[in-house]
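User: I am new to this structure, and I would like to learn how to read the way its helices pack. Could you take me through it step by step?
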Amino acid sequence: MSSKDSYYVPHGTYWPIIGSIGIATMFVGMANMFHGVSWGGSVTALGLGIVLFMMFGWLGQVVNESVNGLYNSQVDRSFRWGMSWFIFSEVMFFAAFFGALFYAREFAIPWLSGEGNNQFTPDLWNGFVQTWPEIAFKTPAAELRNGTALSVPTELIDTWGLPALNTAILLLSGVTLTFAHHALRAGERNKIIGWLVATIALGVAFLGFQIAEYGHAYDIGLKLNSGIYGSTFFMLTGFHGFHVTVGALMLIVILYRVQKGHFSKENHFGFEGVAWYWHFVDVVWLGLFVFVYWI
Amino acid sequence: MKYIVILIIVLILVALGRALIAMLRGGADNSEKMFKSLATRVALSIFLFLLVMFAGYMGWIEPNTNLPIR
Amino acid sequence: MATDTIAAHDDHHHGPEKGLLRWVKTTNHKDIGSLYLWFSFMMLLVGGAFAMVIRAELFMPGIQVVDPHFFNSMTTMHGLIMVFGAIMPAFVGLGNWLIPMMVGAPDMALPRMNNWSFWILPFAGAILLSTFFMEGGAPAFGWTFYAPLSTTFAPDSTDFFIFAVHLLGFSSIMGAINIIATVLNMRAPDMKLMDMPLFVWTWLITSFLLIGAMPVLAGAVTMMLTDRNFGTSFFDAAGGGDPVMFQHIFWFFGHPEVYIMILPAFGVISHIIPTFARKPLFGYSSMVYATAAIAFLSYIVWAHHMFLTGMPVAGQLYFMYATMLIAVPTGVKVFNWVATMWKGSMTFETPMLWALSFVFLFTIGGFSGLMLGIVPADIQYHDTYFVVAHFHYVLVTGALWSIIAAVFYWFPKWTGKMYNESLAKIHFWWSIISVNILFFPQHFLGLAGMPRRIPDYNLQFADFNMISSIGAFMFGASFILFTYIIIDGIRNGKPAKARPWESAKGLEWTLGSPAEYHSFDKAPSRKAIEQESQHTSVA
């Protein structure tokens, strides 16, 4: 085994090329699926399968190397930098969608209803009613969009119902994760496992309620094609849900690694990284809850 | 009220950011710091949630309803 | 699996693997750097071929060579391929090759991810180019893919284009993360931040721009994707969205993007000029701060691309003044380069010729940029050939020029051979004459009112278009000579010394030529770092 004073540079790896093939297959499949090509769905699934295989293989190899003591503290720091800036890129991705939400509410919709010095818009969509969410969206233009009507919701989503409950659930998962973190730092493995299981269960419950919420939204006619409110609502919550799913999967991996005894009181970057990711996803939801449902 | 809510969100983001920086630096001290920042952010989040719920209950802020904005 | 990797680790000091699979499996920063550079060179030739089609069509008024829709595909794909396929990967390739050597590191910080960030690119490029063979043709809405041209009115192939952009984004983000981790974590322990060479500094700052900007682009194309396929209304006023919002999101990415393509170029030039002026770089720390200032400003000036979309006067004024402000740090850089040369013992080897012409021609592009940033003037210049001339002066005679300069400057270090100096000089003069014949008349065309992105034009523009096209064909042909010089240099060049340029500074010159497969197994000493620093004087 090599000494810890030299930086570990792995040699030769097939995982990246497998990942590239998988992700390209998935995207080609998706584009074809959107165009109604019959084999699109199965090719997407194949690509996704290759990507998942790559993820498990690659990360498994990294975990193995870590357990075998190939990494020194400098390698550990590289992973920390990598994870941190990856998360920053995620922040910017969400920022684009939050930006779209603010722009639509603060500029696009007021301008469409004739605010500001722009004389064109009132003529463009005469009778546009400035509302948020656009439930009373009954402009002539709305019905003529690309020849298909927009879906007009019949009622509002009740902020006090599922969304509030879901917020509570996700916040609670933040609390349980903090307890798990504390237990890890105190070195009490059984407690870590208990709190981690609770966190994962809360995450899964959140996702379940979110699916129920989507079902309800579609029942009352709030759909992706319900104008800009539907667009921002579903894209923001949808990408958030995707991140909760990824976070829950990562927590399951961490749970497995805790059981295997991969972490010590002092050295547990894997846990820290995933925990931070979960807190981040949690905060994004809080932002969503406040900005989409309340102010 | 709106601005208080936004202020608390900013504070939460600061706590989260401090945790990130602590994670980045690594080591025992920073591990402690990261844990504390994350605990702060959880506490703040719960406070914000309760505040929003309470403010909504008291009618200080309105949920997004079918009203003209502004 | 674990035993395999441990066994692999034991051959740490061996050279590269044999066979073609080496290039697929490699985690070595030099291999990956070479892959990036060759990939970008091929993309440069593809994008260049598209440019030749454009200039052939514009040689004379009237529709002669291609049909207008295909012409639009050509302008679109030329822009996309050159920006995402040629310039950006070329700089990542230079960064890969040079940064570990310049900071005294054994390799990049995350070598496997480094491999992935390259190997996504060929797939992205293939998907992008495959759109030509699809029904409805390749995307034809310009490289800025404004909605609704790219949403409501675009061919089906646009969805493939969107996914290609996603892949390119993944690649850039991973590359940037790797460079940040390398610079900040793999630096020799004795190298302080303010000891770092400027190429490292500019790339570090560029990485921050990439990580801030590329995800926003991913968000923009994702919104396009759902607008196209799932009925969302982000960019559709009929549903309460706004096509102008697309432009805001796009240019929030797009403006940092132009600095992503020029900041590493500034770094390259800051290495070459001191070497051939035989003087240390003038104002090292001001160069660093100027780079950071440009990067910061790049995030808050995006709407100067949109003066004609209708915005409040206060907005126009703000974006105009903020844009003017960029001229200050950029001016600091140009004056520093000039001051570096002042009273230097200058010689004019090929890299220096490219670097000198960079300073001159890039400044022309910078000034025309200032003209475009003035709101009342922009109303006349907007979307004319003046804009085309402007960004080709900064991207061709700016970014590409610095890449070519870098290739000649570090060629001996990479290959251990010298290129043919007299051929290279002929190539330089050929390029610089033809590129000015190509782009300079486009200023006049734009001022006279010729719009960009059109296959046919008024007779009054005929003469300048013909001159420009002749320049384009000459410039295109110069790349045949360039290819010959590179291949001839690799195969038949004379062996190069470890430090082929007598007063070149930098840790990379302390390694052999060609540089050893693994850069620094032992971190360089403080003494070596001080000796090779850009701010000590030449002995």
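User: At roughly how many degrees do the axes of helix 9 of chain C and helix 11 of chain C cross?

Analyst: Please keep in mind that this is a predicted model. In general, two packed helices are described by the angle between their axes and the distance between the axes. In this case, helix 9 (residues 243–277) and helix 11 (residues 313–341) of chain C have axes that cross at roughly 15 degrees and come within 9 Å. Angles under 35 degrees count as roughly parallel, and helix 9 of chain C and helix 11 of chain C are therefore roughly parallel to each other. Their crossing is right-handed.

User: Which residues of helix 9 of chain C and helix 11 of chain C meet?

Analyst: From helix 9 of chain C come F266(C), I269(C), I273(C), P274(C) and A277(C), which meet K333(C), W337(C), T340(C) and M341(C) in helix 11 of chain C. By class, this contact has seven nonpolar residues, one polar and one charged.

User: Are helix 6 of chain A and helix 9 of chain A roughly parallel or roughly antiparallel?

Analyst: The same general idea applies, beginning with the angle and the distance. The axes of helix 6 and helix 9 of chain A come within 10 Å and cross at roughly 160 degrees, which makes the two helices roughly antiparallel. The crossing of helix 6 of chain A and helix 9 of chain A is left-handed, and among the residues making the contact are L170(A) and G174(A) of helix 6 and W278(A) and D282(A) of helix 9.

User: How many residues of chain A are in contact with chain B?

Analyst: In chain A, 37 residues are in contact with 32 residues of chain B, and helix 9 of chain A gives the most to that side of chain A, with 11 residues.

Definitions and conventions: Residues numbered from 1 in each chain as written. Chains lettered and ligands numbered in written order. Predicted model: local features only at pLDDT ≥ 70, side-chain atom pairs only at ≥ 80, totals over all residues. Contact = placed C-beta atoms within 7 Å. Helix = DSSP H or I, 4+ residues; strand = E, 2+ residues; numbered from the N terminus. Axes fitted to C-alpha atoms, helices over the stretch in contact; angles between N-to-C directions. Parallel < 35°, antiparallel > 145°, perpendicular 65-115°, else oblique. Left-handed = near helix turned anticlockwise from the far one by under 90°. Nonpolar A, V, L, I, M, F, W, Y, C, P; charged D, E, K, R; others polar.
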